[in-house]
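Subject: The structure we talked about

Hello,

Here is the structure I promised to pass on. Please open it next to this message, and my notes follow below.

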Amino acid sequence: MEFEVRENCLEIDFEEVITIYLNIGWGKRRSIYSAARLKKAFTQSSFVVAAFLAGRLVGWGRALSDGVANTWIVEVVVDPDCQRKGLGRRLVEAIEKRYSHTAIWAETYLPTKTFGEKCGLKARDGMVVISRGPQAHSP
Ligand SMILES: CC(C)(COP(=O)(O)OP(=O)(O)OC[C@H]1O[C@@H](n2cnc3c(N)ncnc32)[C@H](O)[C@@H]1OP(=O)(O)O)[C@@H](O)C(=O)NCCC(=O)NCCS
């Protein structure tokens, strides 16, 4: 498969983003997503790298960075049809290259920990993730 990887890419059909979220099992119904909200989230990310196959969106990575010391990988997503072909690693590498002067952080569920490790990220001793969900609608 010949993937085209585009950096700083916002020419994205956000209906395709929703389709891929559903394909990977992040949500059961299309109606939980809003293309307009997703567009805002992507636009407000520090860096977006997107991958296409014959013009169709098949994956992306998003990062938030302070540009100086720390960068957080928000998500790396690859459509199931295109997984295990090295694309996820290419997306992480694009983020790492853009922010090679900062530390890179990512939260992951256990099933994808190995993927992160293969991309050179390591579990940090003594660190845990703490969080809470949203408590109000976004403006
Ligand atoms: C995680 C994800 C991005 C991986 O994408 P991918 O394109 O399949 O990954 P790659 O093909 O680049 O894999 C890179 C390496 O990680 C390994 N790997 C990928 N997914 C793995 C998994 N679920 N379990 C164990 N190893 C995995 C690959 O075998 C490969 O190892 P190798 O170099 O020794 O061959 C993809 O499975 C996905 O989109 N999952 C759903 C979303 C998600 O959980 N994202 C991660 C957190 S934001």
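Asparagine 8 sits in the loop that links β1 and α1. The model is a predicted one, and in it the phi of asparagine 8 is positive, near 50°, although the residue is not a glycine. Is asparagine 8 buried or exposed? Asparagine 8 counts as exposed because it has 10 C-beta neighbours inside 10 Å, and the cut-off for exposed is 12 or fewer.

Alanine 54 is another residue to look at. You will find alanine 54 in the loop between β2 and β3. Its phi is also positive, about 50°, and alanine 54 is not a glycine either. Because 9 other C-beta atoms lie within 10 Å, alanine 54 is exposed. The loop is the turn of a hairpin that β2 and β3 form, with two residues between the strands.

Now to the sheet. Five strands make up an open sheet in the order β1-β2-β3-β4-β5, and the pairing is mixed. At the edges are β1 and β5 (103–106), each of which pairs on one side only. From one strand to the next, the twist averages 25°. Helix α3 packs on this sheet and touches β1, β2, β3, β4 and β5. The direction of α3 makes about 35° with that of β3.

Going through the strand pairs one by one:

- β1 (residues 4–7) pairs with β2 in the antiparallel sense, over four bridges. Glutamate 4 has phenylalanine 52 of β2 as its bridge partner.
- β2 and β3 (residues 56–65) run antiparallel and are joined by seven bridges. Here phenylalanine 52 is matched with leucine 57 in β3 as its bridge partner.
- β3 and β4 are antiparallel as well, with seven bridges. Arginine 62 has glutamate 75 in β4 as its bridge partner.

How many of the seven residues of β2 are buried? Five of them are, so to speak of β2 (residues 47–53) as mostly covered is fair. As a general reminder for looking at any of these strands, side chains in a regular strand alternate between the two faces of the sheet.

Next, the two helices α1 and α2. The axes of α1 (residues 14–23) and α2 (residues 35–43) come within 9 Å and cross at roughly 95°. That angle makes α1 roughly perpendicular to α2, because angles of 65 to 115 degrees count as such. On the α1 side, the contact is made by Phe14, Glu15, Val17 and Ile18, which meet Ala35, Leu38 and Lys39 in α2. By class, the residues of this contact are five nonpolar and two charged, with no polar ones.

Finally, the ligand. Which residues are closest to the ligand? They are Gln83, Gly88, Arg89, Thr114 and Lys118, out of 18 residues that surround the ligand. Two or more residues of the shell come from each of β4 (70–78), α3 (87–98) and α4 (113–118). β4 gives the most, with four residues. The shell is made up of seven nonpolar, six polar and five charged residues.

If you want a place to begin, I would suggest the ligand shell, with β4 and α3 among the elements that line it. From there you can follow α3 across to the sheet on which it packs.

Happy to go through it together whenever suits you.

Best wishes

Terms used: Residues numbered from 1 in each chain as written. Predicted model: local features only at pLDDT ≥ 70, side-chain atom pairs only at ≥ 80, totals over all residues. Near = placed C-beta within 6 Å. Nonpolar A, V, L, I, M, F, W, Y, C, P; charged D, E, K, R; others polar. Buried ≥ 20, exposed ≤ 12 C-beta atoms within 10 Å, placed from the backbone. Pairing = 2+ DSSP bridges. Axes fitted to C-alpha atoms, helices over the stretch in contact; angles between N-to-C directions. Parallel < 35°, antiparallel > 145°, perpendicular 65-115°, else oblique. Contact = placed C-beta atoms within 7 Å.
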